[in-house]
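Please open the model in your viewer and keep the sequence panel beside it. The tour below proceeds by selection, with a remark on what is found at each stop.

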Amino acid sequence: MRVAELGGLPAPDTYGPFGYGPWWLLGALALAAVVAAYAFAWLWTRPRGILEPPPPPAVPIDVRSVKEKYLRMIDEVAVEHEAGEIGPRELAQRLSLVLRFFAHESTGVVAEVMTLRDLRDADLPAVEGAVAQYYPSSFRRAAKHDPDAAIGAARQVVATWM
């Protein structure tokens, strides 16, 4: 059937199929290349492994008040020993713990869980020396014990600290 037989003329705004130019394909390829370049750069430059946050800034320590606090704690332990509430073994263990917490609070080193070798390696010679004096009394029942020397050593470590 022809258009003339239908009784009408072809519409002036009707066009037949036409092909697209090659530019849309080149544009899509260029866009894909840019996206791939950004993805590659992100993957190549991102940090690997588990990220650790930076350490918190150092808080200034008031050494004087820390010393006073721990000297009072040593005095409390001495009073308990003089009253007979704790024996020589407990005295040595408590003084060792007080000095370890003092070192931790003064330096930030986790000294309360360290062995003598760890204290030596952590460069805490005063604490290590005093704690070494407490080891025999802490771990052997028949060890010789001088409570006045033990208390004096603890006081000297705290009093002469930095």
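Helices, as the word is used here, are DSSP runs of H or I with at least four residues, numbered from the N terminus. With that convention, Gly 84, which follows α3, can be placed; its phi is positive, near 85°. The model is a predicted one.

**The whole chain**

Begin with the complete protein, coloured by confidence. The mean pLDDT is 85, and 87% of the residues reach 70 or more. Confidence is lowest in helix α1 (residues 3–6), with a mean of 51, and highest in α3, with 94. Now switch to a cartoon view. The protein contains seven helices and zero strands, and its pattern along the sequence reads α-α-α-α-α-α-α. Of its 162 residues, 23% are buried. Consider also the contacts between residues at least 6 apart in sequence: 59% of these join residues at least 24 apart.

**Helix α3**

Select residues 63–82. These 20 residues form helix α3, which reaches 28 Å from its first C-alpha to its last, close to the 28 Å expected at 1.5 Å a residue. Which residues of α3 are buried? Display the side chains of Val 66, Lys 67, Tyr 70, Ile 74, Val 77, Ala 78 and His 81, which are the buried residues of the helix. They lie on the same side of α3, because they cover an arc of only 110° around the axis.

Rotate the view to the face turned away from this buried side. The exposed residues Arg 64, Val 79 and Glu 82 are carried there. Next, add α4 (88–107) and α7 (147–159) to the selection; both are included in what covers the buried residues of α3.

**The aromatic cluster**

Retain Tyr 70 and add Phe 102 and Trp 161. The protein has three aromatic pairs when ring centres within 6.5 Å are counted. The pair of Tyr 70 and Phe 102 is edge-to-face, because the ring centres are 5.4 Å apart and the planes stand at 65°. Since Tyr 70 belongs to helix α3 and Phe 102 to helix α4, this pair ties together parts that are 32 residues apart in sequence. Tyr 70 counts as buried at 4% relative accessibility, and Phe 102 counts as buried at 0%.

Which further aromatic pair does Phe 102 form? Its partner is Trp 161, in an edge-to-face arrangement with 5.2 Å from centre to centre and 75° between the planes. Phe 102 lies in helix α4 and Trp 161 in the segment after α7, so this pair ties together parts that are 59 residues apart in sequence. Trp 161 is buried, as is Phe 102. Ring pairs thus link Tyr 70, Phe 102 and Trp 161 into a cluster.

**A charge over a ring**

Select Trp 42 and Arg 46. The charged end of Arg 46 sits over the ring of Trp 42, at 5.5 Å from the ring centre.

**The loop between α5 and α6**

Finally, move to Asp 123, in the loop between α5 (116–121) and α6 (125–139). Most residues other than glycine have a negative phi. Asp 123, although not a glycine, has a positive phi of about 60°. Is this residue buried or exposed? With a relative accessible area of 61%, Asp 123 is exposed, because the cut-off for that class is over 50%.

Notes
Residues numbered from 1 in each chain as written. Predicted model: local features only at pLDDT ≥ 70, side-chain atom pairs only at ≥ 80, totals over all residues. Heavy atoms only, no water. Helix = DSSP H or I, 4+ residues; strand = E, 2+ residues; numbered from the N terminus. Expected span 1.5 Å × (residues − 1). Buried < 20%, exposed > 50% of the residue type's maximum accessible area, 1.4 Å probe, protein only. Arc of directions from axis to C-beta. Contact = heavy atoms within 4.5 Å. Phe/Tyr/Trp six-rings, centres within 6.5 Å; stacked < 30°, edge-to-face > 60°. Lys NZ or Arg CZ within 6 Å of the ring centre and 35° of its normal. pLDDT = per-residue confidence, 0-100.
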